[in-house]
Amino acid sequence: MDGRYEKSGDVMSDAAVQASEPIAAARSVDAVKIYGSGEIEVRALDGVNITFEQGRFTAIMGPSGSGKSTLMQCMAGLDDLTEGRAYIGDTDLSTLSDKELTRLRRGRVGFIFQAFNLVPTLTAIENINLPLELARREPDREWVDSVIATVGLEDRLNHKPSELSGGQQQRVAVSRALASKPDVIFADEPTGNLDSRSGTDVLRFMRKAVDDLGQTIVMVTHDARAASFADRTVFLSDGSLKGEIINPTAEQVLDYMKILQVGQFIRGVPEGATMDQVLEFFEELEE
Ligand SMILES: Nc1ncnc2c1ncn2[C@@H]1O[C@H](COP(=O)(O)OP(=O)(O)O)[C@@H](O)[C@H]1O
Ligand SMILES: [Mg+2]
């Protein structure tokens, strides 16, 4: 790894400090999203500051209505923020024209949704190549081949979606998102429509895409087991971040979620609280 020291006691030069800074694949700064106005105003995002580092798998969890999908969509350039900024790499999305935004979404961002959204008349391989065709980009064959080798669907590539299981279809959708080698992939409840076994196949493939292919994935999920595949799980509640767990186990995520469901107290939890701080906060409440 870059930025590690051979010896202890070395003083970091400015350049070394910069080199050891993780690279942000995507980030938000004071992100606010308000739907509607007046009486029906909904503050879906209430000042979210988050960085998704390159080469990491992050899960976003939180109760229904907490702003998970909104955050993902605004960071992916599918929707715009009311206030604040969203960046893909160094690109501030608010500075882009519609045309530039479309180009960015096609080339630099991958999407995976709960519904597989494959084109039924195209084969698996044609679906995988579709975004590259749309972007009129010559596919990087070597890259696409390594994606296909990783997904393990070699013998199903000439089948139509209707001839594939749900888990296989979602793996095709993940491959399609990977094909353009995007800066970041956003997945909204990608295992929401799958049984546990197919869900696991999809999650393992996403994990491999990060570990073996160096991809960056941000996944919204309400499944603690799905979150346990991630390097980091962040928790949203009422449109703001309540904390995070690094290398979460499913049990830790479940504990944290239980705490977040205690709706009326959650506003008192300090912004950016660690697991320990959140536990401490609730223990104090109970005293
Ligand atoms: N298009 C919209 N118009 C109005 N309100 C919306 C819209 N999309 C989401 N909301 C509201 O914003 C809040 C956050 O929604 P969402 O991001 O979908 O939450 P989550 O994905 O965590 O379930 C909810 O209160 C939801 O009702
Ligand atoms: Mg949602």
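With 13 C-beta neighbours inside 10 Å, aspartate 30 counts as partly exposed, and this residue of the predicted model lies in strand β1, which spans residues 24-35. Its phi is near 45°, a positive value in a residue other than glycine. Most residues other than glycine have a negative phi. Asparagine 117 also has a positive phi, of about 55°, although it is not a glycine. Where aspartate 30 belongs to a strand, asparagine 117 is placed in the loop between β6 (109-112) and α4 (124-134). Asparagine 117 counts as partly exposed because it has 14 C-beta neighbours inside 10 Å. The table sets out these two residues.

| Residue | Phi | C-beta neighbours inside 10 Å | Place |
|---|---|---|---|
| Aspartate 30 | near 45° | 13 | strand β1 (24-35) |
| Asparagine 117 | about 55° | 14 | loop between β6 (109-112) and α4 (124-134) |

Strand β1, the home of aspartate 30, takes part in an open sheet of four strands, whose order is β2-β1-β4-β5 and whose pairing is antiparallel. The edges of this sheet are held by β2 and β5 (91-92), and because each has a single partner strand, one side of each is left without a neighbour in the sheet. Between β1 and β4 (residues 83-88) the antiparallel pairing runs over five bridges, and alanine 26 has isoleucine 88 in β4 as its bridge partner.

The edge strand β2 also contributes to the surroundings of ligand 1, since β2 (42-53) and α2 (68-75) each supply at least two residues of that shell. The greatest contribution comes from α2, with three residues. Around the ligand stand Tyr35, Gly36, Val42, Ala44, Gly62, Ser64, Gly65, Ser66, Gly67, Lys68, Ser69 and Thr70. When these residues are sorted by class, eight are polar, three are nonpolar and one is charged.

For the chain as a whole, the model contains ten helices and ten strands, and of its 287 residues 38% count as buried. Among contacts between residues at least 6 apart in sequence, 70% join residues at least 24 apart.

The confidence of the prediction should be kept in view when these features are read. The mean pLDDT of the chain is 85, with 84% of its residues reaching 70 or more. Over residues 1-12, however, the pLDDT is below 50, and this stretch has seven contacts in the model beyond near neighbours in sequence.

How values were computed:
Residues are numbered from 1 along each chain as its sequence is written. Chains are lettered from A and ligands numbered from 1 in the order in which they are written. This is a predicted model: local features need pLDDT of at least 70, side-chain atom pairs count only at pLDDT 80 or more; totals for chains, interfaces and linings use all residues. A residue is buried if 20 or more other C-beta atoms lie within 10 Å of its own, exposed if 12 or fewer, and partly exposed in between; C-beta atoms are placed from the backbone. A residue is near a molecule or strand if its C-beta atom, placed from the backbone, lies within 6 Å of it. Ala, Val, Leu, Ile, Met, Phe, Trp, Tyr, Cys and Pro count as nonpolar, Asp, Glu, Lys and Arg as charged, and the others, Gly among them, as polar. pLDDT is the predictor's confidence in each residue, from 0 to 100. Two residues are in contact if their C-beta atoms, placed from the backbone, lie within 7 Å. Two strands pair if DSSP finds at least two bridges between them.
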